[in-house]
Amino acid sequence: MLLLLCVAVFSSAGFASEMNQTSKLLAESGEQCSACDFREHSKQMRLHSIKSQILSILRLEQAPNISRDMIRQLLPKAPPLTQLLDQYDPRVEDEDHATTETIITMATKPNPVDEDELSSCCLFSLSPKIQPKNLLSAQLWVHLRPADMVTTVFLQISRLKPGKEGNNTRVRVRSLKIDTDAGAGSWQSIDIKSLLQAWLRQPETNYGIEINAYDSKGEDLAVTSAEPGEEGLQPFIVVKILDSPKRSRRDSGLNCDEESAETRCCRYPLTVDFEEFGWDWIIAPKRYRANYCSGECEFMHLQQYPHMSPINMLYFNRKEQIIYGKIPSMVVDHCGCS
C-alpha cells in the first residue's frame, strides 16, 4: 500500500515556499533513510523550519549579530523589563481575543539639524508597527543619579523643534516634582502618549526630546547616555499596541513519545533551545516545547493541516529595539491524516 509522509504544514500562506523546501528535504531523506532513523530527520527538518520561520516573520535575512556582552549593556536595568521577565509566560492563552504587544526602544543621539545640534539626548526610532489606531500607552523611563543629600528634583521633558533662522526651540511637554533620598538612584516614568501621537501624525516633526532633572543645587541628575558604569541606565520608551486576533481551529490528534513504535502520523515532543542556535538576541524564552509531526498516512488519506499555536517572545530586532509580542505558528498542537 502506498503511504504518504506526515509533515507539519504551516497554516499561513506566507510560509508556502518554506514548506515546499521542507517537503523536498523530507522526500529526499525518506529515500536515503530507513524507518528507524526517519523520525530524527523529521525532527531536524522541524528545527530547520522553525529557524527559517522566525527570521521570515521578523523580516530578517539573517539573525541579528548581538552578543551576550552587548545584551548585558543594552538591556535596561529597569522595572518594566524586570517585570516582564519575572512574569514571562511563553503561552498565548486565548488566540481568539486581541492581545497586546510591547515595544521597548532605547534612546539614541539626535542627528544634527541645520548644522546646529539640538541636543545630546534623546531620539527614539518608532517601529512601523506603532500606529495611531493601535496605540494603547507610551511611557518614557528616565534614571536619576543618586544625590548626595535629600533634595527635590524637577524632571523636565521638552520636545525639540527647529526654529527660524537657525534658532532651535524647546517646547516643554511634561514636568514632574520628585522628592529623592540621599545616595539612592531611581527610575522615573512619564506618560508621553500624546507626544507619541503627535509624532505619528507628523513623523517629520520627530526631532527627539531633551531630558533634564535638576536638583536644588542646579545639578542635572538625569542619565541621558551610557557613561562608564551606567550601562543599561539610559532613557527608553515602552509602547504598548493592540494586536488583532487570528482565529484558528483546534483539534485533537495522536500523541507519541520517542520510545513509541507507532508508524502512523503522530505528534512527538521537541524542545527548541535558542542558546544552542547561538541566538542570544532572543531574550525569552531561551527554550520552549515546539513538537513535530512524523509518521505515515495511508494512500486514501491526505495530509491534514495541523493546528499550530503562537508563543510570546521577548527579543532584540535588527535596530536593537526590544520587542515583546506574539510569534505565530510556533507550537504544533495536532498532527494527523484527513
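Trp 281 is in contact with Ile 54, Leu 55, Leu 58, Leu 60, Ala 63, Pro 64, Ile 66, Ile 71, Tyr 315 and Phe 316, leaving aside its neighbours within four places in sequence. The model is a predicted one. Trp 281 also belongs to the largest nonpolar core, which has 77 residues. Ile 54, Leu 140, Ile 209, Ile 211, Tyr 288 and Phe 316 join Trp 281 as the residues with the most contacts inside this core. At least three of the core residues come from domain 1 (54-88 + 254-337), and at least three from domain 2 (99-111 + 120-245). A second core, separate from the 77-residue one, has six residues, among them Cys 265, Cys 297, Met 308 and Val 332. As a general point, nonpolar side chains in soluble globular proteins tend to be buried together.

Next come the sheets. One is an open sheet of seven strands in the order E6-E3-E8-E2-E16-E15-E11, and its pairing is antiparallel. Strand E6 (186-191) and E11 form the edges, each pairing on one side only. On average, neighbouring strands in this sheet are turned by 35° against each other, direction ignored. Within the sheet, strand E2 (residues 99-106) and E16 run antiparallel and are joined by three bridges. Ile 104 stands opposite Ile 322 in E16. Helix H4 (residues 79-86) lies across E2, E3, E6, E8, E11, strand E15 (308-316) and E16, and runs at about 145° to E15. H5 packs on this sheet as well, touching E3, E6 and E8, and its direction makes about 115° with that of E3.

The other open sheet has three strands in the order E5-E4-E7, again with antiparallel pairing. Its edge strands are strand E5 (169-180) and E7, each of which pairs on one side only. From one strand to the next, the twist averages 15°. Strand E4 (residues 151-161) pairs with E5 in the antiparallel sense over eleven bridges. Thr 152 stands opposite Asp 179 in E5.

Helix H5 (residues 193-201) lies across E4, E5 and E7, running at about 10° to E4. Which residues of H5 are buried? They are Leu 195, Leu 196, Ala 198, Trp 199 and Leu 200. The cover over these buried residues includes strand E3 (135-144), E4, E5, E7 and strand E8 (236-243). The helix thus has contacts with the three-strand sheet and with strands of the seven-strand sheet.

Strand E7 (residues 209-214) holds Glu 210. Is Glu 210 buried or exposed? Glu 210 counts as buried because its relative accessible area is 16%, under the 20% cut-off. Its side chain makes a polar contact with the side chain of Arg 170, at 3.0 Å.

Some backbone details remain. A cis peptide bond, with omega of about 0°, joins Ala 284 and Pro 285. Pro 285 is found in the loop between strand E11 (282-284) and strand E12 (287-289). Asn 291 is not a glycine, yet has a positive phi of about 70°. Its place is in the loop between E12 and strand E13 (292-294), and at 6% relative accessibility Asn 291 is buried. Ser 329, also not a glycine, has a positive phi of about 55°. Ser 329 sits in strand E16 (residues 322-332) and counts as buried, with 5% relative accessibility.

Conventions. Residues numbered from 1 in each chain as written. Predicted model: local features only at pLDDT ≥ 70, side-chain atom pairs only at ≥ 80, totals over all residues. Heavy atoms only, no water. Helix = DSSP H or I, 4+ residues; strand = E, 2+ residues; numbered from the N terminus. Buried < 20%, exposed > 50% of the residue type's maximum accessible area, 1.4 Å probe, protein only. Polar contact = N/O pair within 3.5 Å; in protein donor to acceptor, adjacent residues only side chain to side chain. Pairing = 2+ DSSP bridges. Axes fitted to C-alpha atoms, helices over the stretch in contact; angles between N-to-C directions. Contact = heavy atoms within 4.5 Å. Core = buried A, V, L, I, M, F, W, Y, C linked by side-chain atoms within 4.5 Å. Domains from an automatic or database assignment.
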